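Let's walk through this structure together, one interface after another. Have the viewer open and follow along as we go.

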Amino acid sequence: MKVTFPHMGNVYIGAKFLMDGLGIDYVIPPFNSKRALEIGSLYSPEEICLPFKIMMGNYIESIERGADTIILTGSCGPCRFGEYAELQMKILKKLGKNLDFVVLDLPSDIGFDELKRRINKISSQSPKPKKEKYMALVNAYRIIGLIDALEAKAHDRAGYELNKGECKGLLNECKKKLLETNDPKEAISILKEYHKKMDEVKISREKKPVRVAIIGEIYTIIEPFSNLYIEDKLMEMGVSIKRTLSPSWWVYNTVILSPFGLTAKKIRDAAKEYLPLGVGGHGQECVGEAVLSSEEGFDGAIQIFPLGCMPEIVSKSILPSISRDKNFPILSLVVDEMTGEAGYQTRIEAFIDLLERRRRYVLSRN
Amino acid sequence: MYYLGIDVGSVSTDIVVIDENYNVVESVYLRTKGRPIKAVQEGFKYIKEKIKTNEIAGVGTTGSGRHIAAFLVGADVVKNEITSHAVAALSLDKDVRTIIEIGGQDSKIITLENGMITDFAMNTVCAAGTGSFLDRQAERLEIPIEEFGDYALRSKNPVRIAGRCAVFAESDMIHKQQLGFAVEDIIRGLCEALVRNYLNNVAKGKDIKSKIFFQGGVAANKGMKRAFEEALGCEVFVPKHYNMMGAIGAAILAAERQIKWTNFKGFEIADVKYETASFECSGCSNLCEVAVIKCEDKVIGYFGDRCGRHSGKVAV
């Protein structure tokens, strides 16, 4: 058995060390690129959302490298992500690829026994004793938490750094180093080392950078390729960024908190005034985060979602009311495989200009 | 001292020279024709006759070709079109609340409050109603684009044209022509359709308040101006230099910066021979298309690589 998984931001780091810990052979799909997107678009329905297409590209590129089992988290949820696994299975079957799909759905959707059976499919391949398997899971969870936290730290500090590009450089260096090892314990110590380095980056708190919250559909805000590296672009402009949604946030809220009905409680509570019901995906979270980031003193928010995303279309139509009520600028960006980079860049630059000029205006008035 | 503003757009390249009071001293309006470097050089050839290099105290570039232009001339400020257009409009009238800007392939709306941009939008998936489309229709009807607006104004009974999509709008126009409608009525109908399209797409959900400025190349079209006025029920102002507002804004931004030493390379670059080439980088799976600018066989710059391997910018 050789497992693989689709890319989504730092997910590959957590998944890699989980498989390393379990002693199961795996393939990390090549990083998302134009090729992955082209292959993916070729075999996907035209109207499906962008993440589906990129994921298809990932699978096929992994299959070319010998993968025979795909692990995917599922959701029988009320957005098209719920049908991803089924559709992808069918498409790959039609293409004559013989592989196994292990879809990890929530027990509330498929029952504990079924979930256990599915997990067993993978864990039975592991030669390690039970205790070590458990440790592999714990370590992988720690690793994904650490890398997400490191990334968040870099995004925040990039606006304050004295030597331009230092935070970004450290983050990339760390990710490169992680790929060189197969030992989860070593990975944790690398991550800790880089956390320390990141803390020591020379910053100036007097610099008052523009602070922006990134909100919207989870895949397109986490996977940099899908949003044309917006976070890198913003870091280069010296903007301080916050993005709440991350792979570790997802695991914590969806896997650990959901049995207690506490998923994203703070964010959903904040959304209540504008959107009291879940609309699938993370539509309610998007609204809640817009409200929270305006209360937390951010200068503005950027919403990103793939063309045709149902939950985010709902939240997009609500955001202008929040913008008006809270006097809080929000920019909505839609991405798909046709997105032109020039117009995209112009919109981002103009939005950051708007935020800067707005702030200068407020300062000059006081 | 003078300030230079360059707007390299998809269809036109505009170069303006303004003085310290932001009055336009010189201006050139050229067709880009897909060759931004050549367009800028041609413009410089013209301006060189009137203004000396050492009189220029700052340079700003804008438009979709702002980066390549900035690199070519040595710009002090590189700004996006939205900010540039707003700055130029505000320099004319502090009370402007809405800017409708329709260029070669872009259409934008900018809303302002107290002299500050509060919101903006750009066309995303559709370019129906922009300058390129009107150009093409003028050509098809064999009417000079300059007279297009006058034809619309002569019409008494506009024909309803389907304006959702540029291709279907054309089909509908042909259909109406074949039914025997007058050209004037069809053109006016087209203007109304494009305005409808603009208000329903680009301006959807935006508060359009007066005073309204209409700028960009399409503002030359009187038929469009009237169609906007009829649809919005208030006066729409077309500034004198409506087709150069981006360049004027860029020049003002350069002037506002109050830099001591400009990076300007001088009008002499008009006579230097530049060549462009491109290749597909095989450094990683992104396969970026990298453009190379050469000056007399010497490579002077790279564009388009994401990682900075060639252009040497901050690595991703």
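**Two interfaces to explore**

This is a predicted model, and a good place to begin is where the chains meet: 26 residues from chain A and 27 residues from chain B take part in the contact. Together, chain A and chain B bury about 2300 Å², with carbon and sulfur atoms giving 54% of that area. Four salt bridges are counted between chain A and chain B. One of them pairs Lys79(B) with Asp353(A), whose closest N and O atoms are 3.0 Å apart. There are also five residue pairs in polar contact across the interface of chain A and chain B.

Which elements of chain A supply this surface? Those giving two or more residues to the side that touches chain B are α2 (34–43), α8 (166–179), α11 (230–236) and α16 (341–365). The most comes from α16(A), with 13 residues. By class, the side of chain A that touches chain B has eight nonpolar, seven polar and 11 charged residues.

Now let's turn inside chain A, which is divided into domain 1 (3–126), domain 2 (129–157 + 160–205) and domain 3 (209–366). The C-alpha centres of domain 1 and domain 2 of chain A are 25 Å apart, and 16 residues of domain 1 are in contact with 17 residues of domain 2. The area buried between domain 1 and domain 2 of chain A is about 1300 Å², and carbon and sulfur atoms give 71% of it. On the domain 1 side, Asn10(A), Ile13(A) and Phe17(A) lose the most area to domain 2, together 43% of what that side buries.

Zero salt bridges are found across the interface of domain 1 and domain 2 of chain A, while five residue pairs are in polar contact there. Helix α1 (residues 11–22) of chain A gives the most to the side of domain 1 that touches domain 2, with 10 residues.

Definitions and conventions: Residues are numbered from 1 along each chain as its sequence is written. Chains are lettered from A and ligands numbered from 1 in the order in which they are written. This is a predicted model: local features need pLDDT of at least 70, side-chain atom pairs count only at pLDDT 80 or more; totals for chains, interfaces and linings use all residues. Side-chain values use heavy atoms; hydrogens and water are left out. Domain bounds come from an automatic or database domain assignment. Contact means heavy atoms within 4.5 Å. Buried area is the accessible area (1.4 Å probe) that two parts lose on being put together, summed over both. A salt bridge is a side-chain nitrogen of Lys or Arg within 4 Å of a carboxyl oxygen of Asp or Glu. A polar contact is a pair of N or O atoms within 3.5 Å; within protein, one must be able to donate a hydrogen and the other to accept it, and residues adjacent in sequence count only if both atoms are side-chain atoms. Helices (H or I, at least four residues) and strands (E, at least two) are DSSP runs, numbered from the N terminus. Ala, Val, Leu, Ile, Met, Phe, Trp, Tyr, Cys and Pro count as nonpolar, Asp, Glu, Lys and Arg as charged, and the others, Gly among them, as polar.
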